[in-house]
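Biologist: I would like a close look at one part of this model, with the terms explained as they come up.

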Amino acid sequence: MKNLPLDPQLFVKNRQRFVAKMQPQSIAIINSNDELPTNGDALYKFKQNSDLYWLTGIDQEDTMVVLFPDNPDPKYREVLVLVRPNELKEKWDGHRLRKDEAYAISGMSTVVWLDALDGLLQQWVNDAANIYLNSNENNRKSNLVPVRDYRYAEEMKARYPLHNYLRAAVLFKQLRAVKTPEEVKVMQVAMDITGKTFERLLKFIQPGVWEHEIHAEIMHEFLRNRSAGEAYGSIIASGDRARTLHYVANNQECKDGEVILMDFGAEYGGYNADLTRSIPVNGKFSPRQRQVYDACLHLHNYAKSILRPGITIAKYHEMVGEEATKEFIKLGLLTEEQVKNQDPETPAYRKYLYHGISHHLGVDVHDLGPSMYQPIPEGAVMTIEPGIYIEEEQLGIRIENNIWLTAEGNVDLMKHIPITADEIEALMKK
């Protein structure tokens, strides 16, 4: 990673929170992600398992974490497992962590090498009644590849068939949804980098620029500020392409009179930002573009005003949909008659706003959290991102900030980033 060292207490606290949720006489074993092949002898860029990173801050392949708070030997109550450094491999692939370096990152004093784990693990497992293993229980998951977590679960069940197996994912869903102040501090750096990048773009964009050139400016600003890079594939969509929610081709010219939708965020220290802004390519909204923009900003602010700990995402989306309906009538997109005769299962506003308004944000861009029918917990960091997409006008506008929900109220972690039409036009004029 390119970031400055993080406070290891962030990860110490995360492990303490996880262990506090474990049942007595339980051991939890969490694996890193696989290194995945592309073609020939090449590999995809390694991406750490988010749960393992959340527990340790370690971004290295072939890593494991073993948590056994009831281990009779206190030294082995939390164990970090690393691949043993190999001089030949390091000549090709670079430095691998030593024990003192791993301690400085994770705060874990007991580090064992992977090739020495089996003999130790057998004794630990025999002293435990329950085994927590991990799996990907993200509700949006669609990948059926048998990744390491699932292969490891099969191996453990074959080796220790009479133990009681528990789902670590249930605990991660509860815990990762609630951000500690230490986590938010790191997320704020990612958001500050993202904000600096947006202001750079306001000075750069003009008619005739290409989407890929804007993308290059984003990457330049991210990397020069110690970001690891993009939190997700940046969306740089000018004109009608803004209506494609996951447009990532970024290969067309931005033309005079168009509005360009830019959805991007920096990753810093393993945590992510997620910003969307829609700006006029020529620096000045047309009267109609501004009317739609202001309506979208109204929806953004309305959503922020009702998003509180305790509300469910289902209820929240319903309320934002009702407000969107009023705005779309004012914009001339819907009529009172259409709303009166709408199918309750497919409300009329969905023609112009066809995605959710918020998601959890953290180590993953679509971070873990309760289902849409369960209350949002205090401490969650959520996006707020209403959009208005009008096919007839070849116009798509979305406005997104990231919000920390606290007992004292919402903390807009992107409040410093220009958001009103006046602010955007003034900065583009410079």
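Which strands does helix α7 (residues 168–176) lie across?

Modeller: Helix α7 lies across β1, β5 and β6, and runs at about 30° to β6; contact here means heavy atoms within 4.5 Å, while axes are lines fitted to C-alpha atoms, for helices over the stretch in contact, with angles from 0 to 180 degrees between N-to-C directions. The model is a predicted one, in which local features need pLDDT of at least 70 and side-chain atom pairs count only at pLDDT 80 or more, whereas totals for chains, interfaces and linings use all residues. Residues are numbered from 1 along each chain as its sequence is written, and side-chain values use heavy atoms, leaving out hydrogens and water.

The three strands belong to an open, mixed sheet of 6 strands, whose order is β4-β3-β2-β1-β5-β6; strands (E, at least two residues) and helices (H or I, at least four) are DSSP runs numbered from the N terminus, and two strands pair if DSSP finds at least two bridges between them. The edges are taken by β4 (111–113) and β6 (164–167), each of which has a single partner strand, so one side of each is left without a neighbour in the sheet. From one strand to the next, the twist averages 25°.

Beneath that overall order, the individual pairings can be followed in turn. Strand β1 (residues 26–31) runs antiparallel to β2 (residues 64–67), the two being joined by 4 bridges, and within this pair isoleucine 29 is placed opposite valine 66. By contrast, the pairing of β5 with β6 is parallel, again described by 4 bridges, and leucine 133 has arginine 167 of β6 as its bridge partner. Helix α6 (residues 148–159) joins β5 and β6 in a right-handed β-α-β unit, right-handed meaning that, with the strands pointing away from the viewer, the path from the first strand over the helix to the second runs clockwise.

Elsewhere in the model, the axes of helix α10 (residues 287–306) and helix α13 (residues 421–429) come within 10 Å and cross at roughly 125°. That angle makes α10 oblique to α13, since angles under 35 degrees count as roughly parallel, over 145 as roughly antiparallel, 65 to 115 as roughly perpendicular and the rest as oblique. Arg290, Tyr293 and Asp294 of α10 make this contact with Ala421, Asp422, Ile424 and Glu425 of α13.
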